[in-house]
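User: I am new to this structure and would like to learn how to read burial and packing from it. Could you take me through it step by step?

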Amino acid sequence: MTKFDLPGCRAKEAGRKYSAAKMALWLMPLLAVSIVLGCHRGSNSLQAAISIQPANLLMFAPLPAAAPADGITAEKVNLGRKLYFDTHLSDNNSISCNSCHDVANYGADKGHAVSIGHIGKPGGRNSPTVYNAGLQFVQFWDGRAPTLAAQASGPMMNPVEMGMSGTDAVLALLRTSPEYLSAFRNAYPAIKDPVTMDNATDAIAQFESRLLTPAPWDDYLRGNENALTADQKDGLRVFLRTGCAACHAGAGMGGNSYQKLGAFTDWPDQKSDTGRLALTHEARDAMYFKVPLLRNIDQTGPWFHNGQVTALEDAVRLMAQYQTGHELSSQDVGSIISFLHALTGPLPAEFAQAPAGAATQKASGNIKQGGAANTAAGKVE
Ligand code: HEC
Ligand code: HEC
């Protein structure tokens, strides 16, 4: 187990009753689902025989063809992709969006609990994946950016992030590049001076909106019963029965709401990162985070906002315990993980590597080891 599974944090009785009552209210539909499914622990063969009623899948949806983005064009996507990989947009030419969201590695900062560049920020956060991120109702763990475009303006423009001395420096650099000039003109032909920060972030957002990973789960939701293995279907039952779908639903399996981390039992660490409280200063927002997507979740560890959980088994067990009040057996944890594997899809071949001629270092993974660590200190995004 991880350091989060602290003894003494297993439910303080008074608090538990209060939150249990609250939870019961909105877990009602899930309760009904589990009754319909007739699931009982340890009766896997029986479960396998009962097919899952379509009505129980209504809270989910297959991935759309592209995440919503206004006026998407190939020119904008290509420009956004170029910008996304461009290390010239950082002050020492060492860091790009891809450094912390490696699209060849499921869009996350593989192996890093918190991204380099967060140095100096107390309670630094784990870099979420950019794959399917456009499906979310807001961006960031605390939802402080309403859209992908709003999110993208952060890293480049903020001098302590990718290290540029602000908008002017970025734009000056883009305007002096004939390649960028023509790429901007092609992408935004109706605009006289197309090299603007708004267009740059719009293009990045358009590129990101193409980063979708259809998975066996989508085939299943579209009616192909065989798209999930028997183990995965068992896992889906345990997922539903445990109440995971109360928060992780919709096309992304999350990304639709803010929820309290520790909805059932207080999360052990109430101090290092208080979630939305730090943003809104409203007491009721304490420990509220955006519910993250579960798509490709078996590829994007370490897990949670601080990346402190390094085994998916532990993440599932902690979720059951702190979010739903269930102590899962190892069998049930394994079952849920089987189901989670069905949420992982192949990376889109056309976007999963740097574009030809991108101004990026060869292996994005190496970038982080160098000077970026020192220059990008401070609050990221
Ligand atoms: C130094 C590492 C780093 C760099 C560089 C970086 N990011 Fe991030 N990114 C992060 C971290 C960490 C978070 C989460 C921060 C938070 O939620 O408070 C994040 C959050 C995001 C999110 C929100 C995802 C979600 O699920 O909420 C998107 C989208 C994103 N970044 C895209 C970009 C783009 C586009 C760029 C380049 C313009 C970029 N990032 C550059 C580390 C980085
Ligand atoms: C009450 C809402 C709620 C319920 C129920 C819930 N979760 Fe979560 N889940 C969250 C929130 C909020 C987070 C973000 C935690 C954080 O801030 O680190 C999260 C995070 C996760 C993560 C880590 C995601 C990442 O990118 O690091 C996994 C895995 C996960 N949940 C799986 C599950 C499973 C499996 C269940 C059922 C056993 C479940 N969740 C039930 C709200 C919920």
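User: Is Met319 buried or exposed, and why?

Analyst: The model is a predicted one, and the idea is to count the C-beta atoms around a residue, 20 or more others within 10 Å being the mark of a buried one. Met319 has 25 other C-beta atoms within 10 Å, and therefore counts as buried. Met319 belongs to helix α12, and its C-alpha atom is 9.7 Å from that of Phe264, although the two are 55 residues apart along the chain.

User: Which residues touch the most other members of the largest nonpolar core?

Analyst: In soluble globular proteins, nonpolar side chains tend to be buried together. Here the largest nonpolar core has 41 residues, and those touching the most other members are Phe239, Ala315, Val316, Met319, Ile336 and Leu343. Elements supplying at least two residues each include α9, α10, β2, α12 and α13, and the largest share, 7 residues, comes from α12. A second, separate core of 32 residues has Cys97, Ala152, Val195 and Leu211 among its members.

User: Which residues come nearest to ligand 2?

Analyst: A shell is read by asking who lines it and what character those residues have. Of the 26 residues around ligand 2, the nearest are Cys244, Cys247, Trp303, Phe304 and Met319, and helix α12, residues 312–324, gives the most to this shell, with 6 residues. The shell is made up of 18 nonpolar and 8 polar residues, with no charged ones. Trp303 and Phe304 are also in contact with Ala315, as is Val309, once the neighbours of Ala315 within four places in sequence are left aside.

Terms used: Residues are numbered from 1 along each chain as its sequence is written. Chains are lettered from A and ligands numbered from 1 in the order in which they are written. This is a predicted model: local features need pLDDT of at least 70, side-chain atom pairs count only at pLDDT 80 or more; totals for chains, interfaces and linings use all residues. A residue is near a molecule or strand if its C-beta atom, placed from the backbone, lies within 6 Å of it. Helices (H or I, at least four residues) and strands (E, at least two) are DSSP runs, numbered from the N terminus. Ala, Val, Leu, Ile, Met, Phe, Trp, Tyr, Cys and Pro count as nonpolar, Asp, Glu, Lys and Arg as charged, and the others, Gly among them, as polar. A residue is buried if 20 or more other C-beta atoms lie within 10 Å of its own, exposed if 12 or fewer, and partly exposed in between; C-beta atoms are placed from the backbone. A nonpolar core is a set of buried Ala, Val, Leu, Ile, Met, Phe, Trp, Tyr and Cys residues joined through C-beta atoms within 7 Å. Two residues are in contact if their C-beta atoms, placed from the backbone, lie within 7 Å.
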